[in-house]
Amino acid sequence: MDETITGPRCPICGNDRWHDRAMPECNHCGLALADLYFMPATVRAAIRSLLIDGTPAAGIALAPHARRNAGWALGLVTDGDGWRSATAQPHAITLGMIARAGESDHVARLLTDLAPHFADRIVLLDGSEGDAAALARAVPGAQVHAHPLAGDFAAQRNRVQALATGWVLQLDSDETPDAALLAALGWLTAAADCDGLWALGLPRRNLVDGVQSALWPDIQYRLTRAHIRFAGTVHERPVVPFERTSLALAGAIEHHLDRPRVIERSKVYEAMSAGAGRPGDEAALLRPFNDAP
């Protein structure tokens, strides 16, 4: 079994863990490099030339899934005959959100801001039918429903999935898609459809008191086809064959936290499921990105 080593951050996905092989391989995106002493911009330029022009890239290896991961991260798509720059495309993606009733004012602002970017917006409140009706009045055009969370995040996400069709981007109330992700959603899902994919893993940028944390890229499989279902009461993930998944490294989800919330959520998650508190994640969240190995 390959051991994992900590090294410089991958020039494609930003991960700092590598499979300890003859050519160290990023254990997130699959990029393999002969030498971990590299200039990120040089590696990215070499991969771009490899994909677009077929120029050999010495000391770089890309398995098929790693080729797609790298191409999308560089804003490139392929029709099977060659790679080219992706362009923005219209889409019919549904925005799905799970939230607490006490967050309704914030959720209303967020849904209003994101309305131009999504064909439909579905919110599931951990609250009463009255809470849902009030939010629906504040956000015309959005579907708002109520159901108790009951300590099961996967079940709550699955209720949103069941109300949607096509592709669904699932967010929490403390998350927002950055501008790059919003611009890429159309071509990412079109490329995913061409490749027969059902779930895409998005990087999540954790901002603790406004500062990016060391927990990066913190991949979250939140962009999925509506028929996909999630499993896990906490740290839920879609149930989907690996070959139907891919990383989608164009843009990121931004996760807005403060220090007390980081500490509290670890306690809450551990109470929900043994081991879910993830002390390693908490430590990385509380460490600034620039200080991260």
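This passage goes through the cores, a buried helix, a sheet and two partly exposed residues of a predicted model. Local features need pLDDT of at least 70 and side-chain atom pairs count only at pLDDT 80 or more, while totals for chains, interfaces and linings use all residues. Residues are numbered from 1 along each chain as its sequence is written, and side-chain values use heavy atoms, with hydrogens and water left out.

Start with the inside. A nonpolar core here is a set of buried Ala, Val, Leu, Ile, Met, Phe, Trp, Tyr and Cys residues joined through side-chain atoms within 4.5 Å. Buried stands for under 20% relative accessible area, exposed for over 50%, and partly exposed for anything in between (1.4 Å probe, protein chains only). The largest nonpolar core has 69 residues, and the members touching the most others are Ile12, Cys29, Leu31, Ile47, Trp72 and Leu169. Helix H6 (residues 179-194) gives this core its largest share, 8 residues. Helices (H or I, at least four residues) and strands (E, at least two) are DSSP runs, numbered from the N terminus. Apart from this core there is a second, separate one of 11 residues, with Ile98, Phe153, Val234 and Tyr269 among them.

Back in the largest core, Ile12 is in contact (heavy atoms within 4.5 Å) with Cys29, Leu31, Arg44, Ile47, Asn69, Ala70, Ala73 and Leu249, leaving out residues up to four places away in sequence. Helix H2 (residues 64-73) has 7 of its 10 residues buried, so the rest of the structure largely encloses it. Those buried residues are Ala66, Arg68, Asn69, Ala70, Gly71, Trp72 and Ala73. Arg68 lies over the face of Trp72, 5.9 Å from the ring centre. To count as over a ring, NZ of Lys or CZ of Arg must be within 6 Å of the ring centre and within 35 degrees of the ring normal. Arg244 sits likewise over the face of Trp198, at 4.2 Å from the ring centre. After H2 comes Gly75, with a positive phi near 75 degrees.

Now for a sheet. An open, mixed sheet is built from 4 strands in the order E12-E20-E14-E15, where pairing takes at least two DSSP bridges between two strands. Strand E12 (175-177) and strand E15 (211-212) are the edges, each pairing on one side only. Strand E14 (residues 204-208) runs parallel to strand E20 (residues 253-257), with 5 bridges between them. Val208 has Leu257 of E20 as its bridge partner.

Finally, two residues that touch each other: Arg17 and Asn27. Arg17 belongs to strand E2 (residues 17-19) and is partly exposed, at 39% relative accessibility. Its contacts beyond four places in sequence are Thr4, Ile5, Thr6, Glu25, Cys26 and Asn27. Arg17 and Ile5 are 12 residues apart along the chain, with 5.7 Å between their C-alpha atoms. The side chains of Arg17 and Thr6 share a polar contact of 3.5 Å. Such a contact is a pair of N or O atoms within 3.5 Å; within protein, one must be able to donate a hydrogen and the other to accept it, and residues adjacent in sequence count only if both atoms are side-chain atoms.

Asn27 sits in the loop between strand E3 (25-26) and strand E4 (31-33), and is partly exposed at a relative accessible area of 30%. Besides Arg17, Asn27 touches Thr4, Asn15, Trp18 and His19, again not counting residues up to four places away in sequence. From Asn27 to Thr4, 23 residues apart in sequence, the C-alpha to C-alpha distance is 8.1 Å. The side chain of Asn27 also makes a polar contact of 3.3 Å with the side chain of His28.
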